[in-house]
4 protein chains.
Amino acid sequence: MLVQNKDQRPHDYTETDLYPRPSHADYTYLAKYGVKASSGGGRASARETIGRVAAGAIAEKYLKEAYGVEIVAFVGSVGPIALPFSHEDDEVLGKEYLDLVKNVTRAEVDKEITRCPDRATSAKMEETIRAAKARNDSLGGTVTCVIRNCPLGLGEPCFDKLEAVLAHAMLSIPSTKGFEFGSGFRGTTFPGSQHNDPFTSDHGKGENRLRTLTNWSGGVQGGISNGEDIYFRVAFKPPATISQTQSTAQYDGTDGVLATRGRHDPCVVPRAVPIVETMAAIVIMDLVLQQNARAHAASLLAPVTSLPPTMVFPGQRK
Amino acid sequence: MLVQNKDQRPHDYTETDLYPRPSHADYTYLAKYGVKASSGGGRASARETIGRVAAGAIAEKYLKEAYGVEIVAFVGSVGPIALPFSHEDDEVLGKEYLDLVKNVTRAEVDKEITRCPDRATSAKMEETIRAAKARNDSLGGTVTCVIRNCPLGLGEPCFDKLEAVLAHAMLSIPSTKGFEFGSGFRGTTFPGSQHNDPFTSDHGKGENRLRTLTNWSGGVQGGISNGEDIYFRVAFKPPATISQTQSTAQYDGTDGVLATRGRHDPCVVPRAVPIVETMAAIVIMDLVLQQNARAHAASLLAPVTSLPPTMVFPGQRK
Amino acid sequence: MLVQNKDQRPHDYTETDLYPRPSHADYTYLAKYGVKASSGGGRASARETIGRVAAGAIAEKYLKEAYGVEIVAFVGSVGPIALPFSHEDDEVLGKEYLDLVKNVTRAEVDKEITRCPDRATSAKMEETIRAAKARNDSLGGTVTCVIRNCPLGLGEPCFDKLEAVLAHAMLSIPSTKGFEFGSGFRGTTFPGSQHNDPFTSDHGKGENRLRTLTNWSGGVQGGISNGEDIYFRVAFKPPATISQTQSTAQYDGTDGVLATRGRHDPCVVPRAVPIVETMAAIVIMDLVLQQNARAHAASLLAPVTSLPPTMVFPGQRK
Amino acid sequence: MLVQNKDQRPHDYTETDLYPRPSHADYTYLAKYGVKASSGGGRASARETIGRVAAGAIAEKYLKEAYGVEIVAFVGSVGPIALPFSHEDDEVLGKEYLDLVKNVTRAEVDKEITRCPDRATSAKMEETIRAAKARNDSLGGTVTCVIRNCPLGLGEPCFDKLEAVLAHAMLSIPSTKGFEFGSGFRGTTFPGSQHNDPFTSDHGKGENRLRTLTNWSGGVQGGISNGEDIYFRVAFKPPATISQTQSTAQYDGTDGVLATRGRHDPCVVPRAVPIVETMAAIVIMDLVLQQNARAHAASLLAPVTSLPPTMVFPGQRK
């Protein structure tokens with residue numbers, strides 16, 4: 001019920017001939033294109049993401065087979081109900097949260113109807129969503145996503161930093177309001193001495209690469225992947241469609257009351273999970289192709305001899 | 001002192017022949033390109049933003065003259081010191097914060113050395129930065145930016161939503177960790193009934209357009225500007241360069257201790273303010289050109305006759 | 001018969017399991033993608049141009065309504081049969097050819113089954129095509145196209161000159177071998193004193209713009225349209241598919257004889273006419289949008305006062 | 001003298017304050033941008049190609065080292081003086097012309113001041129250029145270019161066919177009027193039975209690839225390189241700047257006589273040779289990067305098992 005939209009009732013929207021729905025795209029589309037969509041949402045509907053998911057499925061399959069990349073997203077909060085262990089005072093992010101990011105599987109995520117893999121939190125979320133539905137209201141939330149085994153060296157150094165392209169992709173999903181990766185906004189409150197990620201060869205034994213002890217960088221340094229887990233959070237606003245009467249102006253400027261009818265999803269966050277995953281896969285696939293072009297080209301030249309002699313880096317010319 | 005880098009001492013970095021600096025781009029650049037930058041930071045240095053600021057100055061001048069666009073950014077937090085009134089429990093964002101977003105000028109911002117326009121907070125920030133400097137540590141923070149008088153109808157409906165392009169631009173600035181616009185992450189905790197922005201003709205009297213009573217949407221609905229203030233926050237991590245010894249691995253995998261010397265900025269957030277403004281100007285300028293191409297093309301055709309008869313929208317064919 | 005392909009017989013191609021067809025894309029597609037198309041031509045088939053024609057129809061409709069743009073293409077030669085008056089010794093191009101370019105209509109073109117609007121030449125072409133068909137051979141030819149009433153100022157000054165973008169578009173049509181505009185290859189043999197196009201105000205009376213007496217420039221100077229007719233020729237090779245036995249190698253390098261069966265078009269040039277027109281429309285539409293973005297943006301600024309005072313140019317700020 | 005411009009005399013152009021020079025970009029730039037360049041040619045001057053040559057030098061060096069690519073261009077005609085053996089009646093192109101394309105070296109080209117490697121023709125060209133100079137006139141001509149050892153599989157199948165991208169690049173060079181590759185316009189007059197290029201394993205012995213007996217395709221089939229020589233011709237118009245008086249209109253529409261003074265190159269074709277080479281190198285480099293991205297990505301997957309078993313193609317998954 002939470003993850004499926006079984007109803008198609010465009011004719012519930014008759015009042016929208018008079019009213020631009022608050023916080024919808026009705027008004028901005030009219031201002032931009034000079035025409036009105038004929039049914040609820042039109043091009044602004046998240047139904048357009050179906051094509052993204054189809055493309056992402058191919059990208060994901062490739063990344064899995066070629067590099068063992070794993071992409072898992074889950075719901076971290078719904079309205080005021082959040083995973084209880086996200087933040088601790090003495091650390092940038094809490095250990096339990098990072099453990100979840102490190103280990104959670106899609107199977108664990110999909111076991112919960114809310115796609116929040118913490119059983120107790122999920123139960124509370126479900127209850128909260130049902131209550132919102134009962135009072136004809138809606139709820140937003142956040143999705144956390146992790147990309148594991150991402151190859152080193154992805155992302156372009158200036159305008160197309162990995163995090164910039166990822167933020168672009170995530171904020172192109174309907175209803176999104178924010179993006180943060182690694183330590184994110186929380187990380188701005190900690191000093192550099194706690195926030196820096198020391199290198200270590202411990203974790204990378206046998207892999208011929210350096211690893212980091214902590215990962216506040218979120219797998220990206222200088223806009224380029226460092227091989228650690230890339231993790232990020234995406235904020236989703238509460239859906240604008242609610243079945244309550246709203247005092248708002250008509251297209252012609254007359255103040256009035258809009259009483260939207262019809263059934264609507266009180267919370268789209270659980271359904272956003274695969275969209276976040278698919279956009280992550282598409283971004284990584286694009287950057288893989290870009291970096292492969294460069295690395296393969298370099299592989300055809302004579303080796304550069306000025307490198308540190310004792311360590312061979314992934315993608316390095318031999 | 002806070003806003004200028006008077007020292008150029010590349011030769012302080014001799015240890016970096018052996019060590020990739022923690023949370024810097026040294027390691028990822030080597031992995032990506034197979035070569036090392038010859039001095040601190042190389043292409044990853046924020047010095048590259050000088051070209052962006054030059055371009056943005058032209059964009060901003062145009063936007064001001066053609067549309068009266070105003071772009072003002074300010075520092076909202078430095079490490080743990082934040083504007084005291086950002087969030088209130090009973091509202092998505094606090095009134096004082098929104099008043100600042102609505103009214104703050106560049107002159108007010110530049111009066112403070114920290115570029116935080118609240119005198120008392122700025123004083124605390126300065127003290128905190130000096131203390132961090134004294135203990136050879138660094139601090140991150142957040143920058144809030146507002147774009148006023150942005151024309152309606154900017155932003156493309158699907159992949160290049162205004163917020164997506166803006167997030168891309170902001171996350172392309174070195175050291176950024178997150179982006180949120182309008183109600184942002186905070187807005188995810190409120191129900192739709194409180195979060196929706198009702199339309200009103202009150203504010204737009206004589207302007208022939210609808211305004212919204214609240215602006216949790218942050219000036220963007222369905223990826224397209226609605227003419228209200230576009231405001232957003234950008235997170236900056238604490239600079240990775242600190243003058244403390246750090247236990248970390250060498251390029252060859254040997255564990256060791258890196259003792260970076262040299263003088264470094266303990267906090268770059270005040271200097272990030274014009275970079276945030278410039279990237280905002282570049283984004284809006286690009287979207288203006290895109291939308292103008294469409295609107296000007298449409299203006300040469302016969303009018304569409306199926307529009308609501310009582311109101312003429314900006315950009316609408318007459 | 002000449003302009004329709006009524007037969008779909010993919011199973012005629014069984015020998016192509018063994019043989020890459022000479023001058024087809026079979027071999028290069030396999031080399032590029034590592035897989036083989038399952039039926040004749042695959043992605044290399046000109047059937048893909050159907051989508052282009054659909055897009056071009058919209059562009060053409062817009063250009064016609066907004067600017068009165070007329071785009072007409074016609075067949076100028078089929079194999080060795082060419083319009084008799086293309087070239088004269090004492091001029092860059094012959095007067096009759098230029099008259100045709102100036103005045104020919106689509107109705108006149110479509111009246112002839114060969115789409116060559118000169119009745120006598122068309123009859124010879126038809127005969128030649130029938131003869132080629134009878135001996136299981138194929139014929140190439142050329143298409144001339146003219147764009148009338150193109151707005152001034154289209155085309156970007158360096159890499160995306162109008163002629164560069166047009167050449168790109170034309171050479172993207174399957175089976176094309178060359179592109180020339182205005183005086184073309186023929187114009188290279190004449191001295192500058194004969195080739196330059198003097199300006200005159202005669203032709204542009206009441207239009208507030210300068211015209212040129214001759215038009216060897218083909219409507220483009222410095223990569224930018226000057227408002228005169230844009231005309232160009234596109235070369236099409238004889239179709240590679242012929243129903244004759246051909247001595248050629250198999251994929252495995254064994255020499256052999258390929259006897260392609262099935263019915264094939266002996267000459268595709270008449271059918272290329274709408275494809276040339278559609279690509280011309282798409283190019284002009286793209287450049288219109290680009291230039292409109294710039295011109296509309298400029299129109300919002302205060303006027304530049306250093307212009308020649310006596311003449312107002314199209315697109316000029318007033 | 002022919003290949004160097006030692007004079008910089010912007011003040012010779014004072015009459016151009018009143019006159020748009022015929023067949024120059026003066027008028028179109030003013031129409032496009034609403035402002036006038038302050039000296040002769042402005043952005044339309046071929047001096048801008050210096051940056052292209054710098055970029056092309058790097059691309060060429062890479063292509064040579066990585067793939068053994070050789071790019072050689074030469075002057076094939078100046079005004080009415082052309083290589084005598086370009087065309088023969090019984091063949092698409094003459095044997096001597098194809099031999100030159102196959103074997104000519106840069107050293108041979110650069111030995112001649114005209115960059116036409118045929119001694120006798122070069123002498124005639126030089127004489128013709130001197131005569132044109134003496135009568136203050138100018139001459140156009142054609143440049144032929146060959147790309148040898150181009151990797152198989154370059155070029156995208158639809159809009160960015162190798163020849164389309166190459167045509168775009170060539171027509172972006174100032175003063176160009178046409179582009180043809182392989183058999184070109186001449187090839188349109190021959191039947192398919194003579195024009196098809198049969199495959200053979202003879203030429204490719206030990207190379208594990210098929211070759212073609214003839215090469216009317218010019219090294220490209222279906223928009224994709226087949227490993228044979230890519231050769232093409234580019235037409236250059238006679239320079240618009242001539243030191244003769246010209247009857248033409250002023251900017252304000254007044255008819256008058258323009259007497260351009262100053263020294264000008266009577267023929268730029270010899271100097272166009274390195275520009276043609278550099279644009280060819282840039283195009284091939286771009287397509288190499290695109291194809292390498294795809295081929296390298298494919299190389300990481302399990303092999304496709306449905307390929308013809310007896311032959312391994314370049315770039316094929318093993």
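1. A good place to start is Cys267(C), which is buried at a relative accessible area of 1%; buried here stands for under 20% relative accessible area with a 1.4 Å probe, protein chains only. Its sulfur lies 11 Å from the closest cysteine sulfur, that of Cys116(C), which is too far for a bond.

2. Before you read on, please note that this is a predicted model, in which local features need pLDDT of at least 70 and side-chain atom pairs count only at pLDDT 80 or more, while totals for chains, interfaces and linings use all residues. Residues are numbered from 1 along each chain as its sequence is written, chains are lettered from A in the order in which they are written, and side-chain values use heavy atoms, without hydrogens and water.

3. Over all chains there are 0 disulfides, a disulfide being a pair of cysteine sulfur atoms within 2.5 Å. Cys145(B), for one, is in no disulfide, and the nearest cysteine sulfur, in Cys150(B), is 11 Å away. Cys145(B) is also buried, at 0% relative accessibility.

4. Now to chains D and A, where 14 residues from chain D meet 14 residues from chain A, with contact meaning heavy atoms within 4.5 Å. Between them they bury about 1200 Å², 68% of it on carbon and sulfur atoms; this is the accessible area (1.4 Å probe) lost on being put together, summed over both.

5. How many salt bridges are there between chain D and chain A? The count is 0, taking a salt bridge as a side-chain nitrogen of Lys or Arg within 4 Å of a carboxyl oxygen of Asp or Glu.

Notes
Buried area = accessible area lost by both parts, 1.4 Å probe. Buried < 20%, exposed > 50% of the residue type's maximum accessible area, 1.4 Å probe, protein only.
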